[in-house]
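Biologist: I would like a close look at a single part of this chain. Please pick one helix and walk me through what surrounds it.

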Amino acid sequence: MAVNRVPVLKRCRALGLEPSFLGYDKKSKRQNVRAGKKVSEYGLQLREKQKAKFIYGVLEKPFRNYYEKADRMKGMTGENLMILLERRLDNVVFRMGFARTRREARQVVGHKHILVNGKKVNIPSYLIKAGDVIEISEKAKSLQRYKEIVEVTGGRLVPEWMEVDMENLKGTIKNFPTREMIDAPVDEMLIVELYSK
């Protein structure tokens, strides 16, 4: 299995991203050396794709598969792509506040601490559906780790397309998100242009 070992702040700086989108509250004090250079059209498109891949922790091949799936769906390909990425189980766990960062959410899912509709799911790329109930397993609820996580994420805003009960570490997906509900700073139209060449 491929593991992403890229230093987060360094990558955020290179892509011009705020670390807060990934759940990190640190700031990078260094400046991006290439900030003033003119970027070609292809460079801009590539940066948007890399940004989306980095935010959601998806590697190239699965990302390409998401794009092809989004292309086959009804509606705008770019919006469909963002909605598919947002529906990943690791992202949903992060959004609900059961993990401090998306990387931690992926780990939580991998350790079989997540139940979807009462069944254990340990696949971070599992796509949730409307009406799914996501919760931390009974055994894991008593762990000190989740008490610490809830302290950190308790004040985080939960997206309007989900309902979360922090006391019981349980959440419900009300419906699929629309593009307006997704706060990822990605221009998905540039990704569509890049792949449709």
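Modeller: Start with the exposure of the whole chain: its accessible surface comes to about 11,300 Å², by the Shrake-Rupley method with a 1.4 Å probe. Carbon and sulfur atoms hold 52% of that surface. This is a predicted model; local features need pLDDT of at least 70, side-chain atom pairs count only at pLDDT 80 or more, and totals for chains, interfaces and linings use all residues. Residues are numbered from 1 along each chain as its sequence is written, and side-chain values use heavy atoms, with hydrogens and water left out.

The chain has 9 helices and 5 strands. These are DSSP runs numbered from the N terminus (helices H or I, at least four residues; strands E, at least two).

Now take helix α4, residues 77–86. Because 9 of its 10 residues are buried, α4 is largely enclosed by the rest of the structure. Buried means under 20% relative accessible area (1.4 Å probe, protein chains only). Among the buried residues are Thr77, Asn80 and Glu86. The cover over them includes α2 (41–56), α3 (60–72), α5 (89–96) and α9 (188–195).

α4 also feeds the largest nonpolar core, which has 25 residues. Such a core is a set of buried Ala, Val, Leu, Ile, Met, Phe, Trp, Tyr and Cys residues joined through side-chain atoms within 4.5 Å. Tyr56, Phe63, Leu81 and Leu85 have the most contacts inside it. α4 supplies the largest share, 5 residues. Tyr56 is in contact (heavy atoms within 4.5 Å) with residues including Met82, Leu85 and Glu86.

Terms used
Buried < 20%, exposed > 50% of the residue type's maximum accessible area, 1.4 Å probe, protein only. Lists of a residue's contacts leave out its neighbours within four places in sequence.
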